[in-house]
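Reader: Please take a close look at the salt bridges in this model, setting out where each partner sits and how accessible it is. After that, place the other local features around them.

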Amino acid sequence: MALLNKIKLLSRLPFSRKLQYISNLYFKLKARIIYRFTFEGFGVGSVIRSPLFLTHERIRIGNGVIIWDHARIEGISVHNQQFFSPLIDIADGVSIQQRSHITAATHLTIGKDTMISFDVTIQDSDHEYQDTVMPVSEQPLVIAKTSIGHSCFIGSGVKIQAGTTLGNHCVVGANAVVCGDFPDYCVIVGVPARIVKRYNEATQQWDKTDKNGVFL
């Protein structure tokens with residue numbers, strides 16, 4: 001019955017969506033044959049389409065995850081004489097759109113059912129820059145743990161910098177540059193990013209706040 005329902009649904013889709021559905025079947029097959037043996041973990045029904053670069057052994061993928069084209073997801077194990085044990089943990093139901101760039105030298109987590117739009121950067125490390133003789137790219141990495149809660153929405157072009165913690169069900173506006181700790185249920189926008197709204201349990205509405213998240 002489930003197969004019959006899928007066939008009926010597919011028959012109603014426009015041609016472009018039919019092609020997309022068929023190509024996704026290929027990527028699901030690739031995941032079953034290759035990825036489930038090469039990743040730290042790879043859940044059922046997950047799809048990775050034409051990535052730019054992946055460090056398979058440093059990534060754990062949950063169930064029902066979709067990662068669109070040209071994503072770079074990289075665990076940094078060594079930089080010059082520094083050695084790290086990274087793990088990028090992507091929970092069930094996460095959607096990551098095209099050209100997203102995620103790098104980690106420690107344990108970076110993305111909570112379940114979070115949606116990450118296109119051209120997003122998420123990282124837990126930065127280069128030192130104090131030495132004015134050595135190129136910045138060769139200077140030591142400074143590591144600060146980064147995590148994203150469940151059911152978040154990260155808008156296009158967002159840059160989530162090292163040391164950021166996003167609570168659950170946070171919404172980050174397009175092109176925001178985010179650094180710091182943000183509680184559950186808040187709307188974050190701007191450069192640098194700040195809270196402009198939070199869900200107010202007293203009023204059961206999304207009410208405006210000051211930059212520190214205090215209701216106005």
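Author: A residue is called buried when its relative accessible area is under 20%, exposed when it is over 50%, and partly exposed in between. The model is predicted, and what follows is a reading of that prediction.

On this scale R72, at 30% relative accessibility, counts as partly exposed. R72 forms a salt bridge with E74, and their closest N and O atoms are 2.5 Å apart. E74 is buried because its relative accessible area is 16%, which is under the 20% limit. The bridge thus joins a partly exposed arginine to a buried glutamate.

The structure holds 4 salt bridges in total, and two others can be described in the same way. One of them pairs D89 with R60, with 2.6 Å between the closest N and O atoms. This pair links distant parts of the chain: D89 belongs to strand β9 (residues 87-90) and R60 to strand β4 (residues 59-61), with their positions 29 residues apart in sequence. D89 has a relative accessible area of 17% and is therefore buried. R60 counts as partly exposed, at 30% relative accessibility.

The other pairs D119 with R99, where the closest N and O atoms lie 2.7 Å apart. Here too the partners come from distant parts of the chain, 20 residues apart: D119 is in the loop between β13 and β14, while R99 is in the loop between β10 (95-96) and β11 (101-104). D119 is partly exposed, with a relative accessible area of 25%. R99 is also partly exposed, at 42%. The acid in this bridge is therefore not buried, because 25% is not under the 20% limit.

The loop that carries D119 also holds S117, between β13 (115-116) and β14 (121-123). S117 counts as buried, since its relative accessibility is 11%. Not counting residues up to four places away in sequence, S117 touches Q97, S100, I154, G155 and S156. In this loop, then, S117 is buried, whereas D119 is partly exposed.

Positive charge is also found outside the bridges. K6, K28, R32 and R36 gather in a positively charged patch on the surface. Helix α2 gives the most to this patch, with 3 residues. K28 lies in that helix and counts as partly exposed, at 36% relative accessibility. A residue can enter a patch only if its relative accessible area is over 30% and it has no salt bridge. K28 meets the accessibility condition because its value is 36%, which is over that 30% limit.

The surface has a nonpolar patch as well. Y21, I22 and L25 form it, with about 270 Å² of accessible area together. I22 is placed in helix α2, which runs over residues 15-38. I22 is exposed, with a relative accessible area of 52%. Helix α2 therefore contains I22 of the nonpolar patch as well as K28, a member of the positive patch.

Further along the chain, some backbone details deserve a note. N175 has a positive phi of about 65 degrees although it is not a glycine. N175 sits in the loop between β21 (171-172) and β22 (177-178) and is exposed, at 52% relative accessible area. Y185, not a glycine either, has a positive phi of about 55 degrees. Y185 is in the loop between β23 (181-182) and β24, and at 36% it is partly exposed. The peptide bond from V191 to P192 is cis, with omega near -10 degrees. P192 is found in the loop between β24 (186-189) and β25 (194-200).

The last position to consider is T209, in the segment after β26 (205-208). T209 counts as buried, because its relative accessibility is 6%. T209 and R198 are 11 residues apart in sequence, and their C-alpha atoms are 6.8 Å apart in space. Leaving aside neighbours within four places in sequence, the contacts of T209 are I195, V196, K197, R198, V214, F215 and L216.

Terms used. Residues are numbered from 1 along each chain as its sequence is written. This is a predicted model: local features need pLDDT of at least 70, side-chain atom pairs count only at pLDDT 80 or more; totals for chains, interfaces and linings use all residues. Side-chain values use heavy atoms; hydrogens and water are left out. Patches are made of residues with over 30% relative accessible area and no salt bridge: like charges are joined within 9 Å, nonpolar side chains (Val, Leu, Ile, Met, Phe, Trp, Tyr) within 5 Å. Accessible areas come from the Shrake-Rupley method with a 1.4 Å probe; for residues, only the protein chains shown count as cover. A salt bridge is a side-chain nitrogen of Lys or Arg within 4 Å of a carboxyl oxygen of Asp or Glu. Helices (H or I, at least four residues) and strands (E, at least two) are DSSP runs, numbered from the N terminus. Buried means under 20% relative accessible area, exposed over 50%, partly exposed in between (1.4 Å probe, protein chains only). Lys and Arg count as positive and Asp and Glu as negative; His and the chain ends are not counted. The place of a charge is taken as NZ of Lys, CZ of Arg, CG of Asp or CD of Glu. Contact means heavy atoms within 4.5 Å.
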